[in-house]
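Thank you for sending this one over; my comments follow as numbered points. They are meant to be read with the sequence and the model side by side.

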Amino acid sequence: MAIYELVMHSAEETMEFAVRLSEQLQPKDVIALEGDLGAGKTTFTKGLAKGLGITRAVSSPTFTIVKEYKGRLPLYHMDVYRLEDTFEDLGFDEYFEGDGVTVIEWAHLIKPQLPDELLYIHLYHHGDQERKMVLEPIGKRYEQLCKEIIEG
Ligand SMILES: Nc1ncnc2c1ncn2[C@@H]1O[C@H](COP(=O)(O)OP(=O)(O)OP(=O)(O)O)[C@@H](O)[C@H]1O
């Protein structure tokens, strides 16, 4: 199983990478975003939104768990950090199996509810302006997706 490690040298580079990824995304794709505070999860999601042609400003869905944006494909942006009961079934499947792309921040908190196949993206602080990005594709679809983006 391939794992890819990349260095993003600036917030712009992280955004641009997300734009490039967004161009390959299809309905029902699921991305689990992990990273400490300030690691760049929101920056990355803004890039995805931009690439999906979403013009509304994207902010973390702190009080709503899920925010939905309309674009070339809908984007379902979830932040499950403040879920009180992470085992409660809030109907996440409807998003995962819907017409759009799902991005989940703090996804490990709802691990039992995640789909079997998805793309994990971990962001790590790596100096002031740098972030280490680790891509871990689970399943053939996501392995292929990473190959296309990284190896061209
Ligand atoms: N290489 C980089 N990639 C992404 N962001 C970077 C990078 N270098 C610096 N930054 C800055 O780090 C900050 C990342 O903040 P962001 O809100 O995206 O993080 P977050 O993971 O969503 O944090 P939180 O969990 O607190 O919402 C931004 O101010 C961004 O400009």
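**Notes on the sheet, its helices and two loop residues**

1. In this predicted model, I would start at a pair of facing residues, since I121 stands opposite L135, the latter belonging to strand 7. The two strands concerned, strand 6 (118-125) and strand 7 (residues 131-138), run antiparallel and are joined by 8 bridges.

2. That pair is part of an open sheet of 7 strands, which follow the order 1-7-6-2-5-4-3 with mixed pairing. Strand 1 (4-8) and strand 3 (66-69) stand at the edges, and because each has a single partner strand, one side of each is left without a neighbour in the sheet. On average, and ignoring direction, neighbouring strands of this sheet are turned by 20 degrees against each other.

3. Two helices deserve a look against this sheet. Helix 2 (residues 41-51) lies across strands 2, 4, 5, 6 and 7, and runs at about 155 degrees to strand 2. Helix 4 (residues 140-151) lies across strands 1, 2, 6 and 7, with an angle of about 140 degrees to strand 7.

4. Please also check two backbone angles. K28, in the loop between helix 1 (11-22) and strand 2 (30-35), has a phi near 80 degrees, a positive value in a residue other than glycine. W106, in the loop between strand 5 (101-105) and strand 6, likewise is not a glycine and has a positive phi of about 60 degrees.

5. Are these residues buried or exposed? K28 counts as partly exposed because its relative accessibility is 42%, whereas W106, with a relative accessible area of 16%, is buried, the cut-off for buried being under 20%.

Note on methods
Residues are numbered from 1 along each chain as its sequence is written. This is a predicted model: local features need pLDDT of at least 70, side-chain atom pairs count only at pLDDT 80 or more; totals for chains, interfaces and linings use all residues. Side-chain values use heavy atoms; hydrogens and water are left out. Helices (H or I, at least four residues) and strands (E, at least two) are DSSP runs, numbered from the N terminus. Buried means under 20% relative accessible area, exposed over 50%, partly exposed in between (1.4 Å probe, protein chains only). Two strands pair if DSSP finds at least two bridges between them. Axes are lines fitted to C-alpha atoms, for helices over the stretch in contact, and angles run from 0 to 180 degrees between N-to-C directions. Contact means heavy atoms within 4.5 Å.
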